[in-house]
Amino acid sequence: MGFILFLALFADLLSPFAYDRVYFDRVLLMPFEHPEHPLGTDEVGRDYLSRLIYGARTSMMVSLSVQMIALMIGLPIGALAGYFGGAFDFVISRIIDIMTAFPALLFTILIISVLGGGMPTIIVALSITSWIVIARITRAQILTLREQEYCTAARGIGASEWRILFRHLLPNAMSPILIAVSFGIPTVIFAEAGLSFLGLGVNDPIASWGKMVGASNAYVRVYWHLALLPTLAIALTMLGFSFLGDGLRDALDPKQKIRV
Amino acid sequence: MLGYICGRIFALMMILLAVSIIVFSLMHSVPGGPFDERKGRLPPAAKANILKKYGLDQPVWKQYINYMSHAVRFDFGIPYQRPHTTVAKLISKSWAITVQVGLTTIVVAFGFGILAGIYAAYHQNSWVDTLVTFVSSLGVTVPNFVVAMWLILIFAVSLNWLPMGGWGSSGQCLIDKYFCTDWILPVVAYAIAPMAIVARYTRASIVEVMGEDYVRTARAKGLSEIKVMRKHVLRNAQIPMVTALGTEIPNLITGSIFIESTFRINGLGKYFVTSTLNRDYPMIMATFLLVAFLWGILYLLTDIAYTMIDPRVRLGAKSLS
């Protein structure tokens, strides 16, 4: 996983070719067929190893920025709704109800079809569905925590509402939120790969693993490497990030031992 | 109980209304429309006529009221991409396939998932248990289109045992047009993730129940192992299992866009993608309303199923949250 992040950061230095460099005389090479292209080339003659490395960058950029945005929007909204309640809480809860009434994927596709494709749109569309999760967890956490004795004690010694919320409640609510964020990363990787797979994702010539899988569908009978390599990349990255989530949960929340 | 169900149905109606408003305004919030001249220029008069025919020349709020007044009578209009049919017909035709995929997958996933979970729980820490735990953690994380690609590479490309795609078009079927050889790969690829979740839930809840005192009592009074499992363990382990069931089923029968796209199945998911790309407003609206309705109904049914399995659960009772 660290390896994937490393690939994403240093894609420019590591990849032997530019991700969009086209060699029309070297179309659809098998791995090791040509000494300069260890993993072959794709249907328009782009070096597959380079595209895989740049795919890591796309995947990381989308997933990390979506989770950052989701955290920045979901955390304050969830905290305020949970702490102060009232009309604001009512509105937020209804929004959460509505957004969980149908699959997030359908909604993401709708937003992308409205805004048009491309990397910024995908980040926006996935953030719109991701902040809900964070807001819901934050709200639930704050709701249970604000009834605790130390909260009453803090109020008793005259702490302001904001001080209670930010100094006493949020730090205690952080671990489930962090766990949700770390489990959110593989979800977003999956969503980005899936959308690109359907042809709704990032635009050409940017490399995306999902798009590479989608494009390979037509060639899979002969050029198996086109399908196998990006699917392996997606699977390994998602496994890595879910293990990170598992590890974080075990470290931060020892009470929750049942793995489901 | 009855009052609770009525309340839930009312809430579902409100959600459907909200969903319809959100989707409708999102669709109409950007310039351009389904009849933009991308494929060739139209004379202005002809374009105005088309827009008028579909009511697209009116203000958006009027279009919405128009649409909804037809929709409550189950008239969802005409899909722009196929003008010779109706949305209701196109959806029922494509959804029939999606439901076939989904139901077969549910049977496979829950059948094998529950069996594997029970076996793993009963033989804790055996190699079968380790295998089930390992496969299920893989199955939960790896996306289904990736699994689908691997299955195609192994069974269709290198072994050449099974067809690469289609649904009921291979000609080798068990009963008439059903249970064909080309059903196997999509169903297996689709079933792995829910199967993993079901197996994990089943294992975890059975392991927990097996540690209870009443199970030891049942054993101590000399009941046979089968009777202990059936009457005491499984009965109590059902409750968490229903949770998994309830959340997975609506997902499965509303269709996997990825599976349909990988195996070229003409189901609801595929039409949804083409509809959004072509801005086919009536199809998008109808799909969203259908999916939201199904989710709401199935979640309600799950909650009712709880009370039947566990008499301690009282729906609608005042709780603290």
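**Figure 1. Where H4(B) meets H5(B).** In this view, Ala116(B), Tyr119(B) and Ala120(B) of H4(B) sit in contact with Val128(B), Asp129(B) and Val132(B) of H5(B). By class, the residues of this helix-helix contact are five nonpolar, no polar and one charged. As in every panel here, what you see is a predicted model. Helix H4 of chain B covers residues 87-122 and helix H5 of chain B covers residues 127-141; their axes come within 8 Å and cross at roughly 135°. That angle makes H4(B) oblique to H5(B), because angles over 145 degrees would be needed for roughly antiparallel. The crossing of this pair, H4(B) and H5(B), is left-handed.

**Figure 2. H8(A) alongside H10(A).** Now we turn to chain A. Helix H8 (residues 161-198) and helix H10 (residues 224-252) of chain A pack at an angle of about 170°, and their axes are 9 Å apart. H8(A) and H10(A) are therefore roughly antiparallel to each other. On the H8(A) side, look for contact residues including Ser175(A), Leu178(A), Phe183(A), Pro186(A) and Phe190(A). Their partners on H10(A) include Ile234(A), Met238(A), Phe241(A), Gly245(A) and Arg249(A). Sorted by class, the residues of the contact of H8(A) with H10(A) are 14 nonpolar, five polar and one charged.

**Figure 3. The fold of chain A.** Stepping through the sequence of chain A, you meet the pattern α-α-α-α-α-α-α-α-α-α, with ten helices and zero strands. Of the 260 residues in chain A, 47% are buried. Among contacts in chain A with a separation of 6 or more, 67% join residues 24 or more positions apart.

**Figure 4. The side of chain B that touches chain A.** Here 37 residues from chain B and 33 residues from chain A form the contact. Helices of chain B that each supply at least two residues to this side are H1 (2-28), H6 (144-158), H7 (181-210), H10 (257-262), H11 (268-278) and H12 (281-309). H6(B) gives the most, with seven residues. The residues on this side of chain B divide into 28 nonpolar, eight polar and one charged.

**Figure 5. Phe288(B) and the largest nonpolar core.** This core holds 141 residues, and those touching the most other members are Phe102(A), Leu106(A), Ile134(A), Ala148(B), Phe288(B) and Ala292(B). Which residues does Phe288(B) contact, leaving aside its neighbours within four places in sequence? They are Phe102(A) and Leu106(A) in chain A, together with Val19(B) and Val23(B) in chain B.

Terms used:
Residues numbered from 1 in each chain as written. Chains lettered and ligands numbered in written order. Predicted model: local features only at pLDDT ≥ 70, side-chain atom pairs only at ≥ 80, totals over all residues. Axes fitted to C-alpha atoms, helices over the stretch in contact; angles between N-to-C directions. Helix = DSSP H or I, 4+ residues; strand = E, 2+ residues; numbered from the N terminus. Parallel < 35°, antiparallel > 145°, perpendicular 65-115°, else oblique. Left-handed = near helix turned anticlockwise from the far one by under 90°. Contact = placed C-beta atoms within 7 Å. Nonpolar A, V, L, I, M, F, W, Y, C, P; charged D, E, K, R; others polar. Buried ≥ 20, exposed ≤ 12 C-beta atoms within 10 Å, placed from the backbone. Core = buried A, V, L, I, M, F, W, Y, C linked by C-beta atoms within 7 Å.
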